[in-house]
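Q: I'd like to learn how to read pockets, cavities, ring pairs and buried residues off a model. Can we take them one at a time?

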Amino acid sequence: MKRILILCAWFSCLALSTFAQPDELDWYFEDPSSSAYNGIGVDRLYEYLGDTKPSKEIIVAILDSGVDIEHDDLKDNIWINVDEIPGNGIDDDSNGYVDDVNGWNFLGNASGVNVLKETLEITRLYAHYKKYFADKDLKKLSHKDKKLYTTFLEYENTVLSKRSAASAEIHDLDENASFIRIVLDSFDVYYPGQELTESFLDKFDPGEHELLKIAKELFKNARDYGLELTTTEDLFNEIKASYDEATSGSRDLLDYRFNPELNSRTIIGDNYDDQTECCYGNNDVRGGFAFHGTHVSGTVGALWNEFGVKGVARYARIMPVRTVPNGDEHDKDVANAIRYAVDNGAHVINMSFGKGQSWNKKVVDDAVRYARKHDVLLVHGAGNDGADNDLVGNFPNATFEKRGFLGKKSADNWIEVGASNSERGDKAIAPFSNYGKNEVDLFAPGMYIYSTAPDEAYEYAQGTSMASPVVAGVAAVIRAYFPELKAHEVKEILMQSVIPFQGEVLRPGDFTRVKGSELSRSGGLVNAYQ
């Protein structure tokens with residue numbers, strides 16, 4: 001049993017994707033009419049436009065983890081607040097934000113200390129209701145509180161079970177690492193100083209020695225995975241590094257994501273009970289956790305130059321608004337970020353984040369209405385759980401919690417984006433993408449997206465987080481060339497011009513074959529040229 005645990009734990013760290021990686025870095029720029037890839041026709045679009053310049057410069061706000069605005073492929077496209085004098089410590093434009101020259105960071109304080117890792121929303125809700133019910137007589141709860149208590153117990157079960165599982169995994173990995181050390185030390189006793197050459201491993205016979213049998217199995221699997229071995233110490237270090245990575249993830253679950261004692265707002269210093277409070281934070285738009293936001297920014301608006309990658313929206317400006325930690329974002333921060341972007345001239349807002357619960361949906365809904373009033377388009381990733389958003393919660397979303405008098409039930413300036421794959425046929429939808437005939441509007445490329453990364457790097461990433469900025473980029477192009485169009489009209493154009501998915505696809509999550517047209521409202525893939 002111990003032996004099975006060892007091998008399963010190690011192999012899980014080495015699992016590989018079953019979806020083929022495209023040969024071309026910018027495969028999604030190609031058009032499906034002339035390419036084998038499920039691209040969106042960006043190259044064809046700009047061939048059609050030729051030398052025609054846009055009528056208006058469009059600002060795309062990136063509500064995300066932070067952006068490396070010094071990246072060579074981004075720095076000349078970063079939004080500049082011309083009404084603010086850099087570094088003078090004065091709110092020159094009187095917008096409530098001091099020295100917000102290139103955007104704002106809602107996840108820090110005025111001293112420059114920033115939040116990096118965070119809890120999940122379900123953990124915050126569990127901690128809140130645990131305190132709420134602590135002094136109540138559970139036999140005398142009101143009808144409303146009885147419903148709340150049932151929900152609290154669901155939160156409690158999830159949080160405590162996740163903590164228990166993380167603790168157990170750390171324990172098992174530590175035990176496995178210790179046992180592997182014993183196995184390899186035993187081999188060294190029998191074969192002191194032996195190099196693990198191919199010729200030796202081919203002839204190695206463990207006989208009836210149980211520990212040597214396990215050593216032989218470890219050697220075999222290491223070779224199968226292409227690891228170059230010289231000594232048992234090399235092998236142990238490889239295995240230990242994989243275990244340490246897995247252990248680190250479990251410790252993050254315990255210390256941050258499912259830690260009900262954590263309260264990051266003590267760093268920020270705002271009054272969290274006042275959900276309408278604004279203007280906290282600092283102007284550090286990178287913020288120490290910038291991979292995600294930098295990658296998203298490059299997809300939208302990387303420079304068209306002789307190196308690196310190209311952004312979908314060739315002439316767009318990028319406005320970084322740091323909103324998302326390594327964990328779940330707070331509704332208060334999201335609402336403030338939307339309002340900041342709107343007030344500072346954003347035409348499109350990309351939101352590549354989401355969560356399963358909402359602390360205060362109303363405050364976000366009000367900000368979405370504010371964006372609609374000012375004709376700003378919101379583009380949001382549908383999530384990566386392989387789930388049906390018609391059946392499960394994914395926040396924020398376009399549906400308003402409370403409908404005002406004669407008001408709209410949902411925001412028509414909101415586009416919900418699922419992720420597609422480079423392949424056609426039954427693998428056209430990314431295997432992780434959320435979907436929904438009513439809650440997801442369309443799909444866009446979200447697998448093997450190559451884009452900017454901090455410190456002059458470029459990397460692949462995948463998720464609806466990568467699909468959303470593709471759509472935000474296309475929307476920015478439309479708004480740049482046709483500035484008279486309203487946000488809801490741009491959405492309608494995007495919806496009506498999709499390339500429909502033909503035939504059946506593998507539905508994410510359970511991989512049942514279904515009609516591709518049934519997984520979103522539009523039934524298709526965004527296309528820039530169309």
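A: Sure, and keep in mind that this model is predicted. Let's start with the largest pocket, which has a volume of about 870 Å³. Of its 41 lining residues, Arg-257, Asp-328, Gly-354, Lys-355 and Asn-384 are the closest to the centre.

Q: Which helices and strands each supply at least two residues of that pocket's lining?

A: Helix H3 (121-133), helix H4 (143-190), helix H9 (291-301), helix H12 (464-481) and strand E9 (457-461) do. H12 gives the most, with 3 residues.

Q: And how does the lining of the largest pocket split by class?

A: You get 19 polar, 14 nonpolar and 8 charged residues there.

Q: What does the second largest pocket look like in terms of volume, and which residues lie nearest its centre?

A: The second largest pocket holds about 540 Å³ of space. Its lining has 21 residues, and those nearest the centre are Arg-124, Ala-127, Lys-131, Asn-263 and Trp-359. Here H3 gives the most to the lining, with 7 residues. By class, the second largest pocket is lined by 8 charged, 7 polar and 6 nonpolar residues.

Q: Pockets are open. How do I read the closed kind, and how many cavities of 30 Å³ or more does a search of the whole structure find?

A: A cavity is a set of points where a 1.4 Å probe fits but cannot get out. In this structure the search finds 2 cavities of 30 Å³ or more. The largest cavity has a volume of about 60 Å³, and the second largest cavity about 30 Å³.

Q: Which residues line the largest cavity?

A: Going along the chain, they are Tyr-46, Pro-54, Ile-58, Ala-313, Arg-314, Tyr-315, Ala-316, Ala-476, Val-477, Ala-480 and Tyr-481. H12 provides the largest share of that lining, 4 residues. By class, the lining of the largest cavity has 10 nonpolar residues, 1 charged and no polar.

Q: What lines the second largest cavity?

A: That one is lined by Asp-331, Ser-358, Lys-361, Val-364, Asp-365, Pro-396 and Asn-397. Helix H11 (residues 361-373) gives the most, with 3 residues. The classes here are 3 charged, 2 polar and 2 nonpolar.

Q: On to the rings. How many aromatic pairs does the structure hold, and how do I tell one geometry from another?

A: There are 31 aromatic pairs. The label comes from the angle between the ring planes: under 30 degrees counts as stacked, over 60 as edge-to-face, and the rest as tilted. Take Phe-187 and Phe-200: their ring centres are 6.0 Å apart and their planes sit at 75°, so this pair is edge-to-face. The pair links distant parts of the chain, with Phe-187 in helix H4 and Phe-200 in helix H5 (residues 198-203), 13 residues apart.

Q: Are Phe-187 and Phe-200 buried or exposed?

A: For burial, look at relative accessible area; the cut-off for buried is under 20%. Phe-187 has a value of 0%, so it is buried. Phe-200 comes out at 13%, so it counts as buried too.

Q: What geometry do Phe-200 and Phe-204 have?

A: Their ring centres are 5.6 Å apart and their planes at 20°, so this pair is stacked. Both Phe-200 and Phe-204 are buried.

Q: Which residues form an aromatic cluster?

A: Trp-27, Tyr-28, Phe-29, Tyr-37, Tyr-46 and Trp-304 form one. Tyr-46 also turns up in the lining of the largest cavity.

Q: Where do I find a charge sitting over a ring face?

A: Check Trp-304 again: Lys-310 lies over its face, at 4.5 Å from the ring centre. Another case is Lys-136, which lies over the face of Tyr-132 at 4.7 Å from the ring centre.

Q: Last one: where in the chain is Val-440 found, and what is it in contact with?

A: Val-440 is in the loop between strand E6 (414-420) and strand E7 (442-445). With a relative accessible area of 0%, Val-440 is buried. Setting aside neighbours within four places in sequence, Val-440 is in contact with Ala-382, Asn-389, Glu-416, Val-417, Gly-418, Asn-434, Tyr-435, Leu-519, Ser-520 and Arg-521. For Val-417, which is 23 residues away along the chain, the C-alpha separation from Val-440 is 6.0 Å.

Notes: Residues are numbered from 1 along each chain as its sequence is written. This is a predicted model: local features need pLDDT of at least 70, side-chain atom pairs count only at pLDDT 80 or more; totals for chains, interfaces and linings use all residues. Side-chain values use heavy atoms; hydrogens and water are left out. On a 1 Å grid over the protein atoms alone, a cavity is a set of points where a 1.4 Å probe fits but cannot get out, and a pocket is an open set with protein on both sides within 12 Å along at least five of seven lines; lining residues have an atom within 4 Å of a point. Grid points are joined across faces, edges and corners, and a volume is the space filled by probe spheres set on the points. Ala, Val, Leu, Ile, Met, Phe, Trp, Tyr, Cys and Pro count as nonpolar, Asp, Glu, Lys and Arg as charged, and the others, Gly among them, as polar. Rings of Phe, Tyr and Trp (its six-membered ring) pair if their centres lie within 6.5 Å; planes under 30 degrees apart count as stacked, over 60 as edge-to-face and the rest as tilted. Buried means under 20% relative accessible area, exposed over 50%, partly exposed in between (1.4 Å probe, protein chains only). A charge sits over a ring if NZ of Lys or CZ of Arg is within 6 Å of the ring centre and within 35 degrees of the ring normal. Contact means heavy atoms within 4.5 Å.
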